[in-house]
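Visitor: Please show me this structure. I am new to it and have some questions.

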Amino acid sequence: MNSTWRLENPAKLDGDLMKIILGPASVELGAKVAQLLGIEAVSVYSKIFPDGEVYVRLEGAVDGDEVVVVQTTNYPQDTKLIQLALIADAAKRHGAEKVTAVVPYLAYSRQDKVFLQGEAISIEAIARMLKAAGIDSLVTVNVHQEKVLERFPFPTLNLSAVPLLAEHYKKRGLRGAFALAPDKGAIHIAEQANRILSGGCGYLEKHRDRYTGQVSVERGTFDVAGRTVIIFDDIISTGGTIVAAARILKELGAEDVYAACVHPLLVGDAEKRIMEAGVKEVVGTDSIPGPAGKVSLAPLISEALKEYKIG
Ligand code: R5P
């Protein structure tokens with residue numbers, strides 16, 4: 001978790017002064033969080049004008065309140081980011097004392113540095129925009145690189161949903177499965193899962209061509225012959241990473257291969273391609289609403305809001 005987070009007003013979560021604003025991209029998740037915390041939810045009326053512009057209106061009072069806006073930012077990410085910014089503006093304009101954004105999937109966090117000459121640091125530009133709109137702090141889940149949060153001009157908190165995913169598979173009888181990270185940068189994810197599944201963990205070496213996006217994966221040195229393996233990743237987007245990893249696992253003799261991710265973006269026919277590569281099931285969280293979001297983040301987010309409170 002990001003150490004910049006600080007508890008300021010612990011008394012306020014008790015009900016009267018805090019409200020959850022249900023961002024249009026995460027209405028169900030926001031409502032579950034409000035229910036678990038036993039606090040009021042404020043709906044948002046939203047629409048897209050014929051020319052593509054975004055409109056929002058808060059359907060409840062927030063005067064004098066500290067509010068938490070739950071709004072994920074998967075595709076169409078630009079629309080959802082603008083909705084979030086406009087909600088923050090509306091909340092502050094109508095008297096909210098403080099606005100915390102809960103953004104389970106934080107768009108643009110993969111462009112966290114200049115990889116090729118001439119590029120933007122997209123996440124830093126987004127962070128500045130959110131600050132200007134009135135957001136005072138931000139909670140996210142398994143952000144691609146935690147260090148991007150240092151670029152935010154306000155306190156941030158990064159939660160991990162990996163234990164929830166591992167618990168899901170443990171409850172399904174997969175205790176003892178090998179937890180595999182599809183690249184070295186995700187080994188911490190496999191290690192977290194291994195603390196629950198206890199079947200060992202490892203990683204593959206992945207390379208992505210920065211111009212074509214093509215993924216290639218090299219064999220690891222671990223032995224998974226005859227074993228059940230769960231590939232854990234933060235994001236599944238095109239599915240290229242999981243497909244490449246699953247093929248290698250099959251070559252190495254893995255018996256059953258499953259995939260788990262926090263953010264199941266599953267662009268186009270990604271899930272179909274993953275299943276065709278021999279993966280038995282793809283499980284994600286409701287960070288991204290949809291059929292793959294089988295594990296809810298609501299308990300994780302509500303516990304964090306209780307523990308860290310929002311001041
Ligand atoms: C990248 O390093 C991420 O952790 C994921 O592995 C990546 O975003 C997955 O993308 P795709 O599904 O398109 O291979």
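Guide: First, two terms: strands are DSSP runs of E, at least two residues long, and helices are runs of H or I, at least four long, both numbered from the N terminus. Two strands pair if DSSP finds at least two bridges between them. The model is predicted: local features need pLDDT of at least 70, side-chain atom pairs need 80 or more, and totals for chains, interfaces and linings use all residues. Residues are numbered from 1 along each chain as its sequence is written, and side-chain values use heavy atoms, without hydrogens or water.

Visitor: In strand 4, which residue is the bridge partner of V44?

Guide: Strand 3 covers residues 44-48 and joins strand 4 through five bridges. The two run antiparallel. In strand 4, V44 has as its bridge partner L58.

Visitor: Which side chains of strand 4 point to one face and are buried?

Guide: Buried means under 20% relative accessible area, exposed over 50%, and partly exposed in between, with a 1.4 Å probe and protein chains only. In a regular strand the side chains alternate between the two faces of the sheet. Along strand 4, Y55 and R57 point to one face and are not buried. Pointing to the other face, and buried, are V54, V56 and L58.

Visitor: In what order do the six strands of the open sheet lie?

Guide: The pairing in this sheet is parallel. Its edge strands, each pairing on one side only, are strand 2 (41-42) and strand 8 (156-159). Within it, strand 5 (residues 66-70) and strand 6 (residues 98-103) pair over five bridges. The order is 2-1-5-6-7-8.

Visitor: Which element gives the most to the shell around the ligand?

Guide: Strand 11 (205-208), strand 13 (228-236) and helix 6 (240-251) each supply at least two residues of that shell. Four residues come from the one that gives the most, strand 13.

Visitor: How much of the ligand's accessible area does the protein cover?

Guide: Polar side-chain atoms of D233 and D234 each lie 2.5 Å from an oxygen atom of the ligand. A polar backbone atom of G239 is 2.8 Å from a ligand oxygen. On its own the ligand has 380 Å² of accessible area (Shrake-Rupley method, 1.4 Å probe). The protein covers 91%.

Visitor: What is the relative accessible area of I288?

Guide: I288 sits in the loop between strand 15 (279-283) and helix 8 (298-308). This residue is buried, because its relative accessible area is 5%.

Definitions and conventions. Polar contact = N/O pair within 3.5 Å; in protein donor to acceptor, adjacent residues only side chain to side chain.
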